[in-house]
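Reader: Could you walk me through the aromatic side of this one, with a close look at one pair of rings and what sits around it? Keep it casual, and tell me how far I can trust the model.

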Amino acid sequence: MSTETKEGQLIDQSTFDTIRQRYHIPTIFAVVLFMFWLRFRNYETFLVGEDGFTLQAVDSWYHWRTTEWTVENYPWLIGHDPWTRFPEGTFTGQFGTLFDFLIATVAMIIGGGDPSSQQILLAGAIVVPLLAALTAIPVYYLGKQIGGRIGGIAGIVFLAVAPGQFFNRMTAGQFQHHAAEALFMIVSVVALVFAIRVAMEEKPIWELVPARDWDELKRPAIYSAIAGFAMIIYIWTWPPGIVLIGIFGIYVVVQILLDHMRRQPPDHIAFVATVSMAVVAVGTALLIQEPGFSRTTMDYLPPIFALLVAGGSLFMAWFSRWWNTTDYGDRGYPVAIAGIIIGGLLSLYLVLPDLYDTLVGNLDTVFPLFILPGGSIGIVAEAQPPSPSILFGEHGLAFFSALVAVAFLFGRDSNKPIYLFIGVWAAMTLSMGITQTRFNYYTALGVAVLNAYLVGKAVELINLDRAVSSVRDIETYQVLTIVVLLMLLVVPLLPPVADHNVIDRSGATGPATYTEKGEPVYDWMNDNTPEVGNYGNASNADEIDYYGDYDIPEDSNFDYPEGAYGVMSWWDYGHLLTTQAERPPHSNPFQHNVETSATYLTETDEEKAELLLDAIAADVSDPSDLSKEELQNELENVDESEMEPIQYVSIHDRDVGGIFPAIAQRTDNFNIDDGFDVEKYESTMIAELYYDDADGLENYRLVKESPYWSNVQMTDEGPLHEEYGDPQTGELYEGPYVFEDDDDAYSATKLFERVDGATLTGEVGNLSEVDVEEATITAELELFSDTARTFEYSQTAEPDENGEFELTVPYPSNEEYGPDDGFAESAITPLGDSYQVNVENETGDLVKQANVAVNESDVQFGKTQSVEFEPANVTVDIDRNESNLDVNKTNDENLTAVVDIENVGSLGTEQTITASLDGEEQSSEEFDLAALESETHTFELDVDLTDDGAELMIESEDDSDTAEISVFE
């Protein structure tokens with residue numbers, strides 16, 4: 001038997017039947033291959049030189065850290081890490097997990113046991129896209145469960161072209177766990193679906209347990225245990241994955257309530273919940289790495305949460321049975337359960353408040369109403385709720401059709417346990433995407449499955465799933481219906497309709513620009529600052545190995561050796577400091593120490609900012625909440641040798657630009673709610689460091705700046721920045737400084753070193769030219785950056801009533817030290833060998849001057865240098881013109897003397913020039929000469945020369961120069 005197509009081709013019926021039965025297999029394979037290609041194709045963009053590399057996004061850099069650590073210590077995973085969150089260190093939590101182990105294992109295979117950096121990058125570039133692509137398989141399975149094969153294929157076709165978070169976070173160069181999260185979560189959901197299906201088939205009841213009827217219990221127990229094991233893998237990959245325990249718990253509550261109302265036994269679902277969650281509890285208990293209750297680490301929370309769901313399901317099943325023996329009526333059962341849940345939460349709040357806070361705090365993962373502005377999540381852009389336009393850009397019309405699908409599913413198919421569970425899970429993924437933008441990679445899974453359900457219903461409606469036994473049976477309207485549905489799902493996400501589509505994006509993936517801009521500075525820091533443990537020549541770097549294995553401290557506070565130090569920066573750059581500079585940051589993208597960083601950066605008093613850093617080093621509790629006086633009191637009896645100092649400060653263009661409002665949001669120092677105070681902003685530490693190169697500050701010196709440049713401008717709403725681009729290539733400008741005429745051009749990243757500063761002392765009260773009450777002393781030093789930029793540092797002071805003054809300067813005029821000496825080898829060098837110290841009067845005129853050499857040892861160790869002013873610093877050079885001295889004049893004629901007067905000093909002067917014969921003044925003139933200014937003057941002398949002649953002398957009032965000539969008749 002054969003079937004003839006419209007083109008006249010003959011298809012054997014058995015071939016058609018095979019295609020009809022198996023068409024989904026090559027389709028799934030093609031989709032998986034396409035998804036992998038899209039994500040891997042731009043891999044070479046992240047290679048730099050022979051063994052260099054770069055990555056996308058800051059979190060990728062810390063996964064690099066944990067993966068590289070595992071490669072160095074294979075097969076172990078990193079534990080407590082003292083190379084971030086200085087001076088406490090931290091447990092890595094959702095980093096250093098199964099995901100990192102997978103990449104490290106692939107890297108070890110590629111590199112033959114000793115992989116290079118680029119081989120580790122290649123491993124990540126393979127694993128991340130592959131995990132993302134493989135997600136299509138369980139998505140198809142779930143879609144098939146509720147929407148048939150055509151629905152399942154429709155779901156994975158949507159997933160393949162979804163251009164949002166599911167694509168952006170899962171490409172080569174994205175060294176992040178999101179692909180593993182998505183895959184292992186949906187595999188866990190599939191495993192639970194299998195367990196629920198088997199339970200519905202086998203119908204286990206609790207009477208079988210005491211009867212030890214293992215034959216009846218074995219199959220549902222095995223499938224439930226497998227589901228529990230799958231969830232362990234998911235949670236081990238991403239500890240916040242306990243959200244799936246919560247989602248499953250919600251389903252169990254709803255399902256048992258429905259079973260009770262329908263007079264169906266609740267035992268079947270309770271059995272699945274009890275066994276699977278017991279396995280999760282045991283497995284996650286074995287993986288506990290630190291005590292406490294946190295949603296981001298493997299601690300007590302996962303096993304306890306799993307036990308709560310297991311115990312709750314057992315209780316609800318027993319309570320349902322008991323309720324059925326009473327006369328209370330079915331409708332009272334849900335009310336009683338609601339009361340018990342509320343009572344249980346209240347008890348938990350009273351007995352275990354930490355556990356309660358964590359469980360309730362985790363609600364901001366799923367429900368948008370629980371996100372609080374100003375919290376640590378409130379300042380993270382990716383954790384903000386997305387707008388409808390963002391949701392459309394992520395999923396097109398499919399997101400909104402998914403909302404229709406979930407309502408239809410709950411309304412029509414909630415009586416089917418598998419449908420209900422998939423519906424609850426998918427609805428929660430939608431809620432997660434509405435809650436936080438970043439979770440739309442989960443939402444894409446739910447959208448795909450729900451649209452599979454919708455397509456499946458359409459297929460049922462047009463009878464395409466049952467009526468087709470040959471090609472001739474397919475009607476045009478059936479084909480058109482499916483085509484229209486697929487177009488609605490995918491066309492809004494494809495070119496030319498979508499400006500941002502997976503095709504274009506896959507070819508444009510590349511390194512994050514703002515991570516590149518800081519890399520030259522951090523690479524320099526790695527090579528040109530002392531190793532951690534060696535600051536101040538302490539020689540303890542061997543006590544804090546970058547790849548060392550450290551136990552969790554009892555008080556969670558790492559004991560750093562003498563000579564260890566940290567770096568202050570905004571949290572965005574913490575992982576870059578850890579990996580590129582190999583220096584521990586104070587704050588990081590884990591949101592550690594965000595408040596103290598924000599308080600420091602927005603502080604307008606340098607002395608208080610210094611006290612804050614010292615308080616951090618001394619482990620003072622909540623130093624950002626303390627006043628200046630309170631900080632001084634806290635530090636009064638602290639032994640400085642016990643402090644763990646923050647020695648460097650890193651500032652980026654984004655910090656002073658668009659990110660500044662987020663910084664201000666985390667501190668009471670700077671309120672932007674009522675408008676932007678530009679004057680106050682310009683006096684903050686972040687602004688004085690970045691814009692002014694620490695000009696006027698006492699304890700900070702610029703030691704390195706990036707060769708990348710940015711244009712930072714002030715608007716009425718605050719500062720903004722944009723990157724300079726090369727007009728020929730469109731790439732970020734990199735190279736020597738060429739913006740002398742542009743006041744808005746600044747290096748993209750600047751690194752400052754904290755120093756004690758050298759103190760310059762002197763006295764001006766003994767100078768007759770100086771009015772002590774009106775005088776200002778200024779020390780100036782011109783400096784040169786290795787980016788070919790010159791700038792000037794200056795510091796001012798006013799003398800006291802005795803004319804004495806002192807001022808502190810952070811830049812040396814003579815560089816002496818390098819990393820081997822325990823200090824930075826600065827990329828900023830002085831253009832002179834001394835500071836110029838000027839004394840100005842009340843009108844700003846320069847009246848006295850001195851030069852003082854400041855060695856780097858003076859700056860590093862807070863030494864004092866004395867300033868000595870010379871009595872005068874103005875000289876007058878007088879040249880005589882002898883040809884104009886007529887020696888043949890008669891006695892009654894005048895003598896004419898022409899002189900050239902030049903101020904060869906560096907200051908302006910008022911001078912009186914006199915002409916004398918034989919010591920007797922004949923004429924005088926006053927001259928006001930600027931520095932290096934010259935003037936010619938003719939003296940007309942009415943004299944009576946004797947036969948012996950006379951001595952003509954031209955001199956300045958301060959005897960700085962004279963001209964003496966013998967004149968004869």
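Author: **Rings up close**

The structure holds 63 aromatic pairs, where a pair means rings of Phe, Tyr or Trp (its six-membered ring) with centres within 6.5 Å, called stacked if the planes are under 30 degrees apart, edge-to-face if over 60 and tilted for the rest. Take Trp-322 and Trp-323: their ring centres are 6.3 Å apart and the planes make an angle of 70°, so this pair is edge-to-face. Those are the two things to look at, as a pair of aromatic rings is described by the distance of the centres and the angle of the planes.

The two partners differ in cover. Trp-323 is buried, at 9% relative accessible area, while Trp-322 is partly exposed at 35%; buried means under 20%, exposed over 50% and partly exposed in between, using a 1.4 Å probe and protein chains only. Both tryptophans belong to one aromatic cluster, together with Phe-315, Trp-318, Phe-319, Tyr-328 and Tyr-333.

Before you zoom in further, some ground rules. This is a predicted model, in which local features need pLDDT of at least 70 and side-chain atom pairs count only at pLDDT 80 or more, while totals for chains, interfaces and linings use all residues. Residues are numbered from 1 along each chain as its sequence is written, and side-chain values use heavy atoms, with hydrogens and water left out.

Rings also meet charges here. Arg-65 lies over the face of Tyr-546, 4.2 Å from the ring centre, and the charged end of Lys-750 sits over the ring of Tyr-690 at 5.1 Å from its centre. To count, NZ of Lys or CZ of Arg has to be within 6 Å of the ring centre and within 35 degrees of the ring normal.

Stepping back, the chain has 969 residues, 54% of them buried. It contains 30 helices and 28 strands, which are DSSP runs numbered from the N terminus (helices H or I, at least four residues; strands E, at least two).

As for trust, the chain averages a pLDDT of 86, and 86% of the residues score at least 70; pLDDT is the predictor's confidence in each residue, from 0 to 100. Among the elements, strand β7 (residues 566–568) has the highest mean, 98, and strand β1 (residues 2–4) the lowest, 46. Over residues 880–892 pLDDT stays under 50, and the same goes for residues 871–876. Where pLDDT is low, the predicted coordinates should not be read in detail.

Definitions and conventions
Contact means heavy atoms within 4.5 Å.
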